[in-house]
Amino acid sequence: MPKRTATSQWRKNRLIVLEGEQLCHWCRRAPATEADHLIEHDAGGTDDLDNLVPACKPCNGRRGAQYLNAKREHQQRQRPAMGVSPARW
């Protein structure tokens with residue numbers, strides 16, 4: 001999956017989300033170093049402030065991996081079965 005280019009809106013909102021000494025939205029323990037999208041771009045999410053939360057790198061990485069794995073699994077289930085076609089009578 002190609003990496004999306006950061007927009008000026010995302011950069012500005014990222015700074016706002018990480019302002020101060022925020023804790024990670026997900027684990028509530030580690031200092032936040034990244035802005036995480038609640039709804040991913042390819043699922044209809046935006047770079048608006050209401051779609052960004054502060055996250056630590058491990059939590060953001062874990063959520064990203066879970067999202068990609070679920071997306072791939074869904075794509076696999078949507079593919080037609082590859083096998084021998086039924087015999088024609």
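Here's a quick briefing on the chain shown above.

This is a predicted model, in which local features need pLDDT of at least 70 and side-chain atom pairs count only at pLDDT 80 or more, while totals for chains, interfaces and linings use all residues. Residues are numbered from 1 along each chain as its sequence is written, and side-chain values use heavy atoms, with hydrogens and water left out.

**Overall layout**

- The chain has 2 helices and 2 strands; these are DSSP runs numbered from the N terminus, with helices being H or I of at least four residues and strands being E of at least two.
- Reading from the N terminus, the order of elements is α-β-β-α.
- Out of 89 residues, 24% count as buried (buried means under 20% relative accessible area, exposed over 50%, and partly exposed in between, using a 1.4 Å probe and protein chains only).
- About 7,100 Å² of the chain is exposed, and carbon and sulfur atoms supply 56% of that (areas come from the Shrake-Rupley method with a 1.4 Å probe, and for residues only the protein chains shown count as cover).
- If you take the contacts (heavy atoms within 4.5 Å) between residues at least 6 apart in sequence, 53% join residues at least 24 apart.

**The cysteines and the core**

- The largest nonpolar core has 5 residues, namely Cys 24, Cys 27, Ala 55, Cys 56 and Cys 59; such a core is a set of buried Ala, Val, Leu, Ile, Met, Phe, Trp, Tyr and Cys residues joined through side-chain atoms within 4.5 Å.
- Ala 55 touches Cys 24, another core member, and its other partners include Trp 26, Thr 33 and Asn 60, leaving aside residues up to four places away in sequence.
- Cys 27 counts as buried at 18% relative accessibility, and Cys 56 is buried too, at 4%.
- The count of disulfides (pairs of cysteine sulfur atoms within 2.5 Å) is 0.
- Cys 27 isn't bonded to Cys 24, its closest cysteine by sulfur, because the two sulfurs are 3.9 Å apart, too far for a bond.
- For Cys 56, the closest cysteine sulfur is in Cys 59, and at 3.5 Å that's also too far for a bond.

**Around Asp 48**

- Asp 48 sits in the loop between strand 1 (34–37) and strand 2 (52–55), and is partly exposed at 32% relative accessible area.
- Not counting residues up to four places away in sequence, Asp 48 touches Gln 9 and Asn 13.
- Asp 48 and Gln 9 are 39 residues apart in sequence, yet their C-alpha atoms are 7.7 Å apart.
- Their side chains make a polar contact at 2.7 Å (a pair of N or O atoms within 3.5 Å; within protein, one must be able to donate a hydrogen and the other to accept it, and residues adjacent in sequence count only if both atoms are side-chain atoms).
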